[in-house]
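User: Please take a close look at how helices pack and how aromatic rings pair in this model. I am new to this structure, so explain each term once.

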Amino acid sequence: MQNYLIKNITVVNEGRSVVNDVLIKDGRIEKIGASVQPGIAVTEINGEGKHLLPGAIDDQVHFREPGLTHKASIYTESKAAVAGGVTSFMEMPNTMPPVFTQQLLEDKYNIGANTSLANYSFFMGTSNDNIDEVLRTNDRKKDICGVKIFMGSSTGGLLVDNYLTLDKIFGGSEVLIATHCEDEKIIKANLERIKKEKGSLEASDHPLIRDENGCFESSLTAIQFAKKHNSRLHILHISTEKELQLFSNMVPLEQKNITAEVCVHHLHFTGDDYATLGNRIKCNPAIKAPHNRTALWKALLDDRLDIIATDHAPHTLEEKGYERKPDGTLQLVAGNGGYEKSHAGLPLVQHSLLLMLHYVQQGAISLEKVVEKMSHAVATCFRIADRGFIREGYKADLVIADLQKPYTITPGNILYKCGWSPLEGFTFPATITNTFVNGHMVYGNGVWNESQKGQRLSFDR
């Protein structure tokens, strides 16, 4: 394995930004300090004027493999992730077939081992009738990131709405339980009422159908089960102001039994954006009215919301109801079924860190806080071994960012297999120039070295 010495770079880690040298040896961070003398053969990188960040860890992505590879694959989306500074991901079980058995779960790990350019972990899926398989995850708690429960509608029978089943999972699981919280009965009632009132639906109706009450009631239910059984609960993609009263910042993250995540699209878009982006920003839970975004930012900064992720969920343009015109722009396809036929989800993992660097430039958040929420806190929340920090002895999952080099999203530089982004045309103030995964420089100034694959994440449990 090649060794590296990154010279005179601003190291952003654990609340501080300090110019230092960083020596990478045999896949790990060997030495951090001023004027490091390597004592071994190294490739030297001049980091002057640039920033070194721990690789982002995305705890919620949908890479669509197996079964839905016309949209994405573990290879394509992990490559997009690496290009965007995401060095590790945790992927969801709503593939085809859904991950309802330990064998199907291990099959996904085998795909990851053979094709993923980033480090990987996969959630065990739940249904109303696979409780025995779910609880077998307890025997593999050091090797699997957690158990995923869809408490709102999903695909492939992954909805768990039976309270007896939920009680058994929360009572029996010894691993982290991650939940998608939307109340199915509230969603269906809203849908029927609004369709009756309007006749036909459009994208701007999405946050009215999947409203604040649906999110709140489902999150409250999950928390009640977790408190009853003292379970380790992590609620994904919080999208409403109302839900924030359910979370606390009174204890450090490592002492929390109930944690919460916010996604970049809920920090960036609001319901006002349906007018221009339509079904391109249709996702579950929905992007909602602007006051929710304001509240989410406040809760992120005061640590009621613990981590930032993407819920990267690619669909083809056709599935979203769009086509690309010769000039590269996107337009709705007439007669495609409109809102109700459009799939829910956004591709985001290549641009999540860059988007947060935009908000650093805007003064909304510090660079140190971005690193905390996208790297440190994810590692702490999931107890990931030897990753998420720039520490001697840790795995060298590292990202070099040039904060003075703007980057614009165009159809030609999108790496998602689906080939589009809701952020097309957006110019970020920064560029990811290099990404190291386990000390291997997978991406450097536009050049790829795919000779080494990512590693399976392990957990200190």
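Analyst: What follows goes through the aromatic rings and then three pairs of helices. This is a predicted model, in which local features need pLDDT of at least 70 and side-chain atom pairs count only at pLDDT 80 or more, while totals for chains, interfaces and linings use all residues. Residues are numbered from 1 along each chain as its sequence is written, and side-chain values use heavy atoms, with hydrogens and water left out.

A pair of aromatic rings is described by the distance of the centres and the angle of the planes. Rings of Phe, Tyr and Trp (its six-membered ring) pair if their centres lie within 6.5 Å; planes under 30 degrees apart count as stacked, over 60 as edge-to-face and the rest as tilted. The structure holds 14 aromatic pairs. In one of them, Phe 63 and Phe 89, the ring centres are 4.6 Å apart and the planes stand at 50 degrees, so this pair is tilted. Phe 63 lies in the loop between strand 6 (56-61) and helix 1 (74-83), and Phe 89 in strand 7 (residues 86-91); the two are 26 residues apart, and the pair links distant parts of the chain. Helices (H or I, at least four residues) and strands (E, at least two) are DSSP runs, numbered from the N terminus.

Phe 63 has a relative accessibility of 0% and counts as buried. Here buried means under 20% relative accessible area, exposed over 50%, and partly exposed in between, with a 1.4 Å probe and protein chains only. Phe 89 is also buried, at 0%. The pair of Tyr 120 and Phe 122 is tilted too, because the planes are at 40 degrees, with ring centres 6.1 Å apart. Tyr 120 is buried at 5%, and Phe 122 is buried at 0%. Phe 63, Phe 89, Tyr 120 and Phe 122 belong with Tyr 109 to one aromatic cluster.

Next come the helices. Two packed helices are described by the angle between their axes and the distance between the axes. Axes are lines fitted to C-alpha atoms, for helices over the stretch in contact, and angles run from 0 to 180 degrees between N-to-C directions. Angles under 35 degrees count as roughly parallel, over 145 as roughly antiparallel, 65 to 115 as roughly perpendicular and the rest as oblique.

Helix 1 and helix 2 (residues 102-115) pack at about 55 degrees with axes 10 Å apart, and they are therefore oblique to each other. Contact, meaning heavy atoms within 4.5 Å, is made by Ile 74, Tyr 75 and Ser 78 of helix 1 with Lys 108, Ile 111, Gly 112 and Thr 115 of helix 2.

The axes of helix 4 (residues 163-172) and helix 7 (residues 212-229) come within 9 Å and cross at roughly 45 degrees. This pair is therefore oblique. In helix 4, Tyr 163, Leu 166, Asp 167, Phe 170 and Gly 171 meet residues of helix 7, among them Phe 225 and His 229.

Helix 13 (residues 352-361) and helix 14 (residues 367-382) have axes that come within 9 Å and cross at roughly 150 degrees; they are therefore roughly antiparallel. Ser 352, Leu 353, Met 356, Leu 357 and Val 360 of helix 13 meet Leu 367, Val 370 and Met 374 of helix 14.
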